[in-house]
Amino acid sequence: MSFAVNSPPAVRHFPLSRSSVCRTPRVTMVARSTTGVSVSTAAALPILTKLQNDCATPLPVLRHVADAMATDMRAGLAVDGGSDLKMILSYVDSLPTGNERGLFYALDLGGTNFRVLRTQLGGKEERVIDTEFEQVSIPQDIMFGTSEELFDFIASALANFVKKEGGKFVLQKDRSRETGFTFSFPVKQTSIDSGILMKWTKGFAVSGTPGKDIVACLNEAMGRQGLNMRVSALVNDTVATLAGARYWDDDVMVAVILGTGTNACYVESVDAIPKLHGHKSISGKTIVNTEWGAFSNGLPLTEFDREMDAESINPGEQLFEKTISGMYLGEIVRRVLVRMAEESSLFGKDIPKRLRTPFTLGTPNISSMQQDTSDDLEAVGSILYEVTGMDSNLDSRKMVVEVCDTIAKRGGRLAGAGIVGILQKMEEDSKGIVFGKRTVVAMDGGLYEHHPQYKRYLKDAVKELLGPEISSNVVIEHSKDGSGIGAALLAATNSIYEH
Ligand code: ADP
Ligand code: MG
C-alpha cells in the first residue's frame, strides 16, 4: 500500500478554511499481520461489525417503524399525552391556493439568526411578483436579556426593513401590514395568531417570556416602535414549509424538516382528530404538527446512542431525532471512533483530546468524508486530522468512512420509514386519497439538502416499503426556503382582509 505522505490533501469535497486546507495530515504506518490486514484494523473490525449489526435496518425493521409511527400518530390524535407524538394542532386550516394577492411579511425566529422577508403576491397569473429578505444575527446580550429587550430588538429590525419598502412592494389602501411569524421554539398554540412559549431552547435564556403569548409580546413591541403591523399567523418551520410548497403544488400533503433537529407535519381531516373538541374548520382539514422527533418505538439503537442519550440534556427524550437528525449523526460517529481508538491502535497510540470532546465532529464532516472518492482518501485524512487531531492511514480512513456510512444509512432509512408511517396513516383513513394518486412530501433542512447519501438512503427506504407501484406516485421533493415564503403565504390566507 502506498501513502501520499507529501502531497497536499484534496480540496474539492470538504469545507475547510484556506489555511487549514494547506496543512498535510500526518500518516501513521502500521504493523501488518501475515494476512495483510493491519494489526490495528483487525482489532477495530469487530467494533465495526457489531455497529453494522446493531444499526441494521432490513425491511422488517423499517416496516415495524412505519407501522409504529402510524399507531403512535393515532394515539396522539386521540388524546393529549396519548403517545410519544404530541400531534399538535397548528390551527392552520387553509393552505395557500395561488390566488393570494398583496404585500405580506414574514418573520422567522428559530436560532441565533432571524430573518425578515416581504413578498408581493399577484394571484394565479403573476404569482410571486417580488421577494426581499434580510437576515439579522441576534447579539448574545439579547439572547440572555429580558423579553422586552428581545422583542424590541426584533420589532426595531422589522421597522427598519419596512422603511426600505418600495419598488414593486405596494400595500393596498386602508390596510395594515400583515406578517407570518415562524417561531421554532416549543409553543402551546391557542389559535392561529396566539401561542404561549413553554420554554426557550437552542441557547436562548430570555427572562420573562415563558408562559406569555409571544404574539402579544411582538405586537406590543411593534406598537412601541410605531409600526402598524399585525401577526396573522404563528407557525413553526415545518408548517411554513408545507404552506410554501403547497403554493406551487396542490399535491403536497406532508412536510419534513431534516436539519439540526427534525420534525414533520401533514394535512389531516378534522374528523380524524378525536381530541379536537369543538374546533371548526371550513375546509374540513387542518395541519397537524407531529413533533415526530420524540418517536421512540422499535428504533435500532446501539450502546453509542444510549451513552450519548444518557449524557444529553434531555435523556430518554427525542430518540428519533437523536438517531436521524444533523445535530447527532457526527456525534454518534465520534463516539464509535473513540471506542475504536481505545481498543485498537488504529489512529496512533494517543487519543487526541479533541476526539474525546463531545460534538467536535459535525454531521457536515461526516458528509464530506463520504464524498471522498480519491484512492487514498486524502480528504478523509485531512478532516480527521484538522477536526479531531487524529492521525490516519488508508485502512483507518476506510474504517472511518464505513462508520460514517453506517450511521448515515440508519438515519436516512429510518427517516424514510417515518415518512411512510405518516403516508400509511393518511391512507388508512381515506383509502386511495394518498396512494391512489400523486402525493408530494416537501423536504427541507441542511441535512437533507447537503448529504447526498443520506437522501438516497431515505428515498430507497421509502421505495422498499411502498413497492414500485405506489412509490412511483410518491414524490419526495426538496422545497428550498419554502418556510420563509410559506409564513408570508399563511399571513395572506389568514388575512383579516378579503382576498
Ligand atoms: P436548522 O435546522 O438549524 O434550522 P438548517 O436546516 O440549515 O438549520 O440545518 C443545519 C443543519 O444541517 C446543521 O446543523 C447540520 O447538522 C446539517 N448540515 C449542514 N450541512 C450539512 C452537510 N454538508 N452535510 C450533512 N449535514 C449538514
Ligand atoms: Mg431551520
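**Pockets, a ligand and a buried helix**

Modeller: About 240 Å³ of space lies in the second largest pocket. Keep in mind that this is a predicted model.

Colleague: Which residues lie nearest the centre of the second largest pocket?

Modeller: They are G244, W248, S479, K480 and G482, out of 17 lining residues. Two or more lining residues come from each of β3 (113-122), β4 (128-137), α8 (237-248), β13 (474-478) and α18 (482-493). Helix α8 gives the largest share, 3 residues. By class, this lining has 7 nonpolar, 5 polar and 5 charged residues.

Colleague: What makes a space a cavity instead of a pocket?

Modeller: A cavity is a space where the probe fits but cannot get out, whereas a pocket is open. The structure holds 3 cavities of 30 Å³ or more, and the largest has a volume of about 90 Å³.

Colleague: Which residues line the largest cavity?

Modeller: The lining is made of M253, V267, E268, S269, K285, M426, D429, S430, I433 and V434. Strand β10 (262-269) and helix α15 (394-429) each supply at least two of these residues, and β10 has the largest share with 3.

Colleague: How do you know how many residues of that lining are charged?

Modeller: Asp, Glu, Lys and Arg count as charged, so E268, K285 and D429 go into that class. That fits the division of the lining into 5 nonpolar, 2 polar and 3 charged residues.

Colleague: Let's turn to the ligand. What makes the approach of T260 to ligand 1 a polar contact?

Modeller: The pair consists of an oxygen atom of ligand 1 and an N or O atom in the side chain of T260, 2.6 Å apart. The cut-off is 3.5 Å, so this pair counts. A polar backbone atom of G326 is 3.2 Å from an oxygen atom of the ligand, and a backbone N or O atom of L447 is 3.3 Å from one. Taken on its own, ligand 1 has 570 Å² of accessible area, of which the protein covers 61%.

Colleague: Which elements each supply at least two residues of the shell around ligand 1?

Modeller: They are α11 (326-343), α13 (363-370) and α16 (446-450). Among the shell residues are G259, M327, T363, P364, H450 and H451. The shell divides into 3 nonpolar, 9 polar and no charged residues.

Colleague: Why is S194 called buried?

Modeller: Its relative accessibility is 13%, and buried means under 20%, so S194 meets the cut-off. You will find S194 in strand β7 (residues 194-197).

Colleague: How do you know which side chains make polar contacts with the side chain of S194?

Modeller: We look for suitable pairs of N or O atoms within 3.5 Å. The side chain of T190 makes such a contact with that of S194 at 2.7 Å, and the S191 side chain makes one with it at 2.8 Å.

Colleague: Why is helix α14 described as mostly covered?

Modeller: Count its residues: in α14 (residues 378-388), 11 of 11 are buried. Among them are E378, I383, Y385 and T388. Buried means under 20% relative accessible area, so each of those residues falls below that value. After the helix comes G389, with a positive phi near 80°.

Note on methods:
Residues numbered from 1 in each chain as written. Chains lettered and ligands numbered in written order. Predicted model: local features only at pLDDT ≥ 70, side-chain atom pairs only at ≥ 80, totals over all residues. Heavy atoms only, no water. Buried < 20%, exposed > 50% of the residue type's maximum accessible area, 1.4 Å probe, protein only. Helix = DSSP H or I, 4+ residues; strand = E, 2+ residues; numbered from the N terminus. 1 Å grid on protein atoms, 1.4 Å probe; cavity = no way out; pocket = protein on both sides within 12 Å on 5 of 7 lines; lining within 4 Å. Points joined across faces, edges and corners; volume = space filled by probe spheres on them. Near = heavy atom within 4 Å. Polar contact = N/O pair within 3.5 Å; in protein donor to acceptor, adjacent residues only side chain to side chain. Areas by Shrake-Rupley, 256 points an atom, 1.4 Å probe, with all protein chains shown as cover.
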